[in-house]
Each structure stands twice: as structure tokens, then as C-alpha cells.
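Student: I would like to get to know this structure. Could we go through it step by step?

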Amino acid sequence: MANLALHAYDEASSDSYGFKHYFKDDELDKFKLAMSTIQQNNDPTNAPYNFIINCDPTGEVLKDCKNGEGSYAITDPTVPQDDNDHKSIWLCPLFFTGDQTKNDLPNTEDADKLKAWCDQKDYTFFTTAGHTLLHEITHLDAMAKKWLPEEANDQGEHGTEDFAQGSRPIFDARQLKVLVDNDPGRDDVPAPRLNAESYAGAATELWAQRFCKKDFIPPKTGYQT
């Protein structure tokens with residue numbers, strides 16, 4: 001996750017397809033600040049916010065995790081009451097059993113594994129464990145407040161939401177950007193910077209752009225169903 005954020009920060013520009021597929025040009029500074037904030041959280045001595053990762057491997061704690069259906073993880077988006085109020089990210093059964101989140105990005109120093117990853121035709125590999133955790137972290141109020149300080153919902157929460165997440169979240173995040181480009185004046189279309197999967201999709205694609213030297217175009221069907 002921190003690795004994704006680090007390379008996404010370095011690679012992101014208004015000219016990079018990995019960024020342009022998900023965000024508007026005027027959102028670049030906020031995206032880079034988001035990646036910097038997430039990457040910093042990997043250092044426990046200098047973390048912007050300490051949160052808790054809990055596991056619900058049987059789906060007995062949270063009803064939305066039940067039976068491994070739907071969610072890979074669930075995040076508490078509420079506003080912390082004080083500095084000691086550490087919100088949780090819950091990992092659901094599907095996080096441990098799903099084909100996508102069993103995988104993670106390859107070691108870039110292992111040429112064979114990197115080539116095998118980059119040459120895949122099945123774009124289910126986009127949703128790695130790190131990709132999923134990066135998505136969830138953007139839901140945390142105390143984290144997102146660092147790059148979205150002036151944007152909050154009616155409950156005062158600054159975390160991103162799942163505006164574009166059906167059964168094909170990466171494709172849906174790209175479609176959100178297309179809608180914004182085609183009709184920027186629409187009031188019913190949220191800005192990509194408010195959508196969690198936009199950050200995760202861009203971060204993964206920017207990583208692939210750097211190490212695979214290619215532009216990925218996820219198909220409309222056949223992944224994360």
C-alpha cells in the first residue's frame with residue numbers, strides 16, 4: 001500500500017494516463033498530497049493518523065462482512081472525537097479468500113515475476129491487497145482531511161465515498177471521470193477526488209505505468225464480478 005502510494009506520487013502528472021484516466025487536471029495537487037499522506041503513514045514515528053486494522057475472517061462481527069459477500073473491507077468513516085480515538089478498517093472474509101486480494105504487486109527486482117504480472121490479460125489483478133487497503137484508507141476522516149480539508153459531508157466527515165463502485169469499481173471510477181469530462185456542469189456527478197476507487201485505481205495504474213511501461217485499459221466485463 002505504501003509502495004503504491006510512493007510510486008503514484010512520483011509518477012503522477014497532468015500528462016500521465018494513470019492519473020488522467022481517473023482525475024481532472026485541477027485535482028493533481030490533492031491527489032499527490034493524498035499519496036504523500038498515505039505513504040507517510042507507513043512510518044509509525046511520523047504517522048499523520050494512527051488507525052486500527054481488525055480482521056473479521058468469519059464474518060461474525062460485522063453484518064456487511066457476513067458470508068464473504070460483497071465487501072473486501074469496511075472502514076469507519078466517522079470523525080474521531082480526540083487524538084486517542086483511532087478508527088478501524090475491518091478486513092472481511094472476502095479479503096482473505098478472494099482471488100484478487102490474495103495477490104499483491106510483484107517484486108520489481110524479480111524480472112520474471114514482474115514480466116508475468118505485466119503480461120497478464122485478465123485485469124482482475126488490479127485489485128491487489130495493497131490496492132484495497134489504499135482504497136479503504138481514503139475513507140478515514142482524519143486521513144482525507146489532510147487533502148480535503150474544505151470538503152465534508154453533512155456529518156462533517158472528510159473521507160471519500162464509494163460513488164462509483166458497482167461490480168466493476170475500476171471501470172466505474174474511469175466512467176466517473178468520463179461523465180465529469182463530458183458534462184462538468186452536472187450537479188449529480190461527484191468530483192473524482194471524492195471517490196475512493198479513483199485513488200486506488202490511479203495508484204495501481206501509475207505503478208503499472210512505471211514498471212510495466214504500458215497503459216492498461218481494463219475491459220468493461222470480466223473482472224471483479
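Tutor: Let us begin with a term: two strands are said to pair if DSSP finds at least two bridges between them. Please also keep in mind that this is a predicted model.

Student: Which order do the strands of the open sheet have?

Tutor: The order of the three strands is β1-β3-β2, and their pairing is mixed. The edge strands, each paired on one side only, are β1 (52–55) and β2 (73–75). On average, neighbouring strands in this sheet are turned by 20 degrees against each other, direction ignored.

Student: Mixed in what sense? Which pair runs parallel, and which is antiparallel?

Tutor: β1 and β3 run parallel and are joined by four bridges. The pairing of β2 with strand β3 (residues 88–91) is antiparallel, over three bridges.

Student: What stands opposite I53?

Tutor: I53 faces I89 in β3. I89 is also the bridge partner of T75, while I74 has W90 in β3 as its bridge partner.

Student: Why does C55 count as partly exposed?

Tutor: Its relative accessibility is 43%, and therefore C55 counts as partly exposed. The range for that class lies between 20% and 50%.

Student: Let me step back. How many helices and strands does the chain have?

Tutor: There are nine helices and three strands. Along the sequence they follow the pattern α-α-α-β-β-β-α-α-α-α-α-α.

Student: And how much of the chain is buried?

Tutor: Of its 225 residues, 50% count as buried. As for contacts between residues at least 6 apart in sequence, 70% of them join residues at least 24 apart.

Student: Which residues touch the most other members of the largest nonpolar core?

Tutor: They are F31, M35, L134 and Y199, in a core of 45 residues. Helix α9 gives the most to this core, namely eight residues.

Student: What does Y199 touch?

Tutor: Leaving out residues up to four places away in sequence, Y199 touches F23, F31, A34, M35, L134, T138, W147, L148, T160, P192 and R193. F31, M35 and L134 thus appear among the contacts of Y199.

Student: Why is α9 described as largely enclosed?

Tutor: Of the 17 residues of α9, 14 are buried, so the helix is largely enclosed by the rest of the structure.

Student: What span should α9 have?

Tutor: At 1.5 Å a residue, its 17 residues should span 24 Å, and the end C-alpha atoms are 24 Å apart, which agrees. After α9 comes K213, with a positive phi near 60 degrees.

Student: Now the cysteines. How many disulfides are there?

Tutor: The count comes to one disulfide. It is formed by C118 and C212, whose sulfur atoms are 1.9 Å apart. The pair links distant parts of the chain, with C118 in helix α5 (residues 111–118) and C212 in helix α9, 94 residues apart.

Student: Is that link left-handed or right-handed, and are its cysteines buried or exposed?

Tutor: The link of C118 and C212 is left-handed, with -75 degrees about the S-S bond. C118 and C212 are both buried.

Student: Next, helix α8. What covers its buried residues?

Tutor: The cover includes α2 (17–20), α6 (129–137) and α9 (196–212). The buried residues of α8 are P169, I170, F171, D172, A173, R174, L176, K177 and V180.

Student: Does its span agree with what is expected, and what are the values?

Tutor: The 14 residues of α8 (residues 169–182) should span 20 Å at 1.5 Å a residue, and the end C-alpha atoms are 20 Å apart, which agrees.

Student: What about α1: which of its residues are buried, and what do they pack against?

Tutor: In α1 (residues 2–11), A2, L4, A5, H7 and A8 are buried. The buried residues of this helix pack against α3 (28–40), α6 and α9.

Student: One last residue: where is M143 found?

Tutor: M143 is found in helix α7 (residues 141–144). At 0% relative accessibility, M143 counts as buried.

Student: Which residues is M143 in contact with?

Tutor: Apart from its neighbours within four places in sequence, M143 is in contact with T37, I38, N41, P48, Y49 and I137. The C-alpha atoms of M143 and A34 are separated by 8.3 Å, with their positions 109 residues apart along the chain.

Note on methods
Residues numbered from 1 in each chain as written. Predicted model: local features only at pLDDT ≥ 70, side-chain atom pairs only at ≥ 80, totals over all residues. Heavy atoms only, no water. Helix = DSSP H or I, 4+ residues; strand = E, 2+ residues; numbered from the N terminus. Expected span 1.5 Å × (residues − 1). Buried < 20%, exposed > 50% of the residue type's maximum accessible area, 1.4 Å probe, protein only. Contact = heavy atoms within 4.5 Å. Core = buried A, V, L, I, M, F, W, Y, C linked by side-chain atoms within 4.5 Å. Axes fitted to C-alpha atoms, helices over the stretch in contact; angles between N-to-C directions. Disulfide = S-S within 2.5 Å.
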